[in-house]
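Colleague: Before I look at the helices, please take me through how they are packed.

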Amino acid sequence: MIIRKSLIALAVLSTAAVPASLAASSKANFGQVISSIQASKTEASEIQALTEVKSVNVVKVSDIAQGENMTALDNAVTKNDADITQLRTALSSNTAVNTALTGASVDVNQVVAADIQSDGVLTVYTR
């Protein structure tokens, strides 16, 4: 019983120590990526108005999408290319956002989608 409680405590502590960027990639799914790509125009508007970024989560789409999903991803990116370009412009032109992305070593040209949570956390999906 004591060993079991120790293992549970250890598991809780180890998940709490996961960096935000890794935690985001394990929680993100392919459907979220596609939805975020489709909402790029709306996200671009929200990013332009953002004054503070609490933290940045980086999710590499290749960690989520493979095989047929990569084809679907390519199709979504092609279909929403103008909105993704607008999103990238918003990410680059907003000083607070651009500073946060630079600090997280994010190349804005690799971003295909982004999500802003109400607590100031910015999640970017990159290729």
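**Helix packing**

Colleague: What covers the buried residues of α7?
Modeller: This is a predicted model, in which local features need pLDDT of at least 70 and side-chain atom pairs pLDDT 80 or more, while totals for chains, interfaces and linings use all residues. Residues are numbered from 1 along each chain as its sequence is written, and side-chain values use heavy atoms, leaving out hydrogens and water. Helices (H or I, at least four residues) and strands (E, at least two) are DSSP runs numbered from the N terminus, and contact means heavy atoms within 4.5 Å. The cover of α7's buried residues includes α4, β1 (55-60), α6 and β3.

Colleague: How wide an arc do the buried residues of α7 cover?
Modeller: Buried means under 20% relative accessible area, exposed over 50% and partly exposed in between (1.4 Å probe, protein chains only). In α7, residues 95-103, the buried ones are Val 97, Ala 100 and Leu 101. They lie on the same side of α7, because the arc around the axis is only 100°, taken from the directions from the helix axis to the C-beta atoms.

Colleague: Which exposed residues does the face of α7 turned away from its buried side carry?
Modeller: Residues three or four places apart in an α-helix point the same way, because there are 3.6 residues a turn. On α7, the face turned away from the buried side carries the exposed Thr 95, Thr 99, Thr 102 and Gly 103.

Colleague: At roughly what angle do the axes of α6 and α7 cross?
Modeller: Axes are lines fitted to C-alpha atoms, for helices over the stretch in contact, with angles from 0 to 180 degrees between N-to-C directions. Angles under 35 degrees count as roughly parallel, over 145 as roughly antiparallel, 65 to 115 as roughly perpendicular and the rest as oblique. α6 and α7 are therefore roughly perpendicular; their axes come within 5 Å and cross at roughly 90°.

Colleague: How many residues of the contact of α6 with α7 are polar?
Modeller: Leu 91, Ser 92 and Ser 93 of α6 meet Thr 95, Val 97, Asn 98 and Leu 101 of α7. Ala, Val, Leu, Ile, Met, Phe, Trp, Tyr, Cys and Pro count as nonpolar, Asp, Glu, Lys and Arg as charged, and the others, Gly among them, as polar. The contact has no charged residues, 3 nonpolar ones, and a polar count of 4.

Colleague: How far apart are the axes of α3 and α5?
Modeller: α3 and α5 pack at an angle of about 10°, which makes α3 roughly parallel to α5. The distance between their axes is 10 Å.
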